[in-house]
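Biologist: Could you walk me through this model before I go back to the bench?

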Amino acid sequence: MPTVYLSINVRKRILDILVYLLLALGSIIYILPFLWQVSTSLKIPSQLFVFPPKWIPNPVAWENYPRGLRMVPFGRYFWNSTIVTSLSVIGRLVSCPIVAYSFARLKWPGRDFFFVATLATLMIPFQVTMIPLFITFRKLGWIDTFKPLIIPCFFGSAFFIFLLRQFFLTIPEELSDAAKIDGCSHFGIFWRIMLPLTKPALAVVAIFEFLWTWNDFIGPLIFLNSEEKYTVAIGLQQFFGAHGADWGALMATSTVVTFPVILLFFFTQRYFIEGITLTGIKA
Amino acid sequence: MLSLTTREEKQFTFKWRSKVSDLVYGYLFALPWILGFLAFMFYPIGSVLFYSFCAYDVVSPPQWIFLENYQELFFKDPIFWKTVSNTLYFTGISVPLGLIVALALALLLNRPIKGRPVFRTIFYLPAIVPIVSTAILWVWILNPQYGLLNNLLAKIGVVGPGWLASTTWSKPGIILMGTWMVGGTMIIFLAGLQDIPHQLYEVAEIDGANVWKQFLYITLPMLTPTIFFNLVISTISAFQTFTQVYIMTGGGPARSTLLLVPYLYQQGFRYFRMGYASSLATILFLMIFVCTIIILSTSSRWVYYERR
């Protein structure tokens with residue numbers, strides 16, 4: 001018996017070591033591009049095009065940051081992105097929970113059919129519908145305004161409605177039944193009982209909407225024309241098009257554009273993981 | 001009705017009233033999405049089909065030309081076929097590769113290890129960084145002469161290819177960047193792994209099954225629902241690929257990275273051939289639809305659902 005135990009233990013030890021080795025190797029591979037970005041952002045031009053490349057910039061060219069941000073009006077872009085992103089988040093938070101509540105708890109004719117139709121639209125990417133949407137928004141005079149990016153957010157989203165509905169279904173029905181008997185209206189139940197219990201899921205909605213809007217490229221590319229309306233994603237791409245070889249300044253501005261996302265991630269990590277898990281498991 | 005006692009009557013009206021209020025409030029609460037669905041989903045899908053039968057340059061009103069767009073696509077436009085084969089190549093390689101890498105990372109993270117949150121963060125971060133910034137960074141990484149990748153390859157004695165400058169290596173270059181961004185898929189795999197009952201492994205261990213056999217006979221079958229979900233999601237998102245191509249190569253060199261969506265964008269928003277672009281959008285939709293149906297219809301053969 002003891003010999004068997006020993007061999008299992010030894011085998012486990014070897015496996016553990018192997019796992020750590022692979023994790024270390026994987027982490028290095030995954031982190032290298034970021035280090036490369038930061039390293040490049042601090043190099044002067046003459047240090048960029050050398051072979052083999054140097055990881056530690058010498059001298060450290062901090063001036064790439066202010067220089068890059070001044071070459072195009074990034075302040076303006078940041079402000080635009082902030083407006084579009086925050087209004088989109090507000091729109092989703094105002095519209096999605098109440099619709100999800102209706103799907104989860106109220107019975108109305110056609111509800112289940114409509115819910116299936118809603119799920120089916122998850123399969124249809126924006127790229128399929130963007131041409132008619134562009135034509136419609138153009139007729140409405142919305143092109144080159146933030147309206148096409150913001151207003152649809154106030155009319156729900158199939159994905160978030162699905163996510164919140166799944167969450168509502170996990171809340172015991174007895175809670176709302178008790179409130180109903182006490183004479184609480186549907187809106188009262190939604191507002192005073194369901195919503196406070198849904199805070200984690202609402203956080204997930206807000207975080208993902210922030211992320212997708214901040215990072216969105218094709219939407220602003222199609223709907224915005226003039227430079228003073230650009231979001232950071234478009235601004236960065238334009239900057240790349242105009243100063244493609246100025247890698248120091250490019251990597252510096254890239255890093256600055258990425259910073260809000262990284263910051264958000266570190267403060268809300270728990271919700272990130274929960275959110276993905278919630279949608280993944282329930283599907 | 002008359003024979004109902006007052007108590008039953010009350011119960012009846014209460015039930016009836018709650019049914020009516022369910023109905024009224026149900027529609028009322030769902031109204032934003034009913035409108036949103038009709039305006040931003042149903043109507044555009046209908047009109048994309050309509051416009052695909054039209055010649056439309058945005059300035060003058062659309063002209064009904066019926067199947068001409070499709071005739072041009074199928075019989076007169078070699079670029080279209082190029083984009084279809086590019087898209088199938090890209091999807092066919094990037095999806096399985098992404099799933100394998102994501103699963104491998106998730107399996108490592110699922111071991112009882114110290115510092116799991118740190119490793120998880122490192123693997124997940126590339127997935128949430130703005131794609132524009134990632135794409136620009138990778139143009140620099142894939143730079144044939146001064147880029148990071150070819151320098152690392154040179155260290156192990158391999159002469160790296162021209163990547164985005166080469167018609168053979170441009171697609172692999174973009175796919176490689178995609179495997180760096182599989183964090184979302186990895187987290188879903190990790191959740192699926194953590195859902196597998198631990199007892200199964202304990203029993204297998206007593207029976208003397210080694211790690212590889214445990215993976216083959218427990219982990220893999222129990223994980224098939226998650227693999228299925230990730231397969232559908234990543235296939236759909238591979239078909240939508242646009243930003244990487246637009247920024248990194250613009251579809252080149254020699255259209256080797258021109259996928260369906262970048263071509264659609266070109267036709268619609270550069271040449272303002274909205275009708276032609278709509279027929280491309282319809283094809284894109286059909287391709288996604290057919291692929292999803294194929295995956296769905298084969299799923300009963302390989303996806304294991306636990307009876308609960």
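The chat below covers the fold of one chain, the contact between chains and a domain division.

Modeller: This is a predicted model, in which local features need pLDDT of at least 70 and side-chain atom pairs count only at pLDDT 80 or more, while totals for chains, interfaces and linings use all residues. Residues are numbered from 1 along each chain as its sequence is written, and chains are lettered from A and ligands numbered from 1 in the order in which they are written.

Biologist: How many helices and strands does chain A have?

Modeller: Chain A has 14 helices and zero strands, taken as DSSP runs (helices H or I, at least four residues; strands E, at least two) numbered from the N terminus.

Biologist: And why is chain A called more spread out than a compact globule?

Modeller: Its radius of gyration, taken over C-alpha atoms, is 25 Å, well over the 19 Å that the globule rule (2.2 Å times the number of residues to the power 0.38) gives for 283 residues, so chain A is more spread out than a compact globule. The C-alpha atoms of chain A fill a box of roughly 80 × 75 × 30 Å along the principal axes.

Biologist: Switching topic, how many residues does each chain give to the contact?

Modeller: Chain A gives 71 residues and chain B gives 69 residues, where contact means C-beta atoms, placed from the backbone, within 7 Å.

Biologist: Which element of chain A gives the largest share?

Modeller: That is α1(A), with 14 residues of the side that touches chain B.

Biologist: What about domains in chain B?

Modeller: Chain B is divided into domain 1 (6-51) and domain 2 (77-302), with bounds from an automatic or database domain assignment, and 39 Å separate the centres of these two domains of chain B, taken over C-alpha atoms.

Definitions and conventions:
Contact = placed C-beta atoms within 7 Å.
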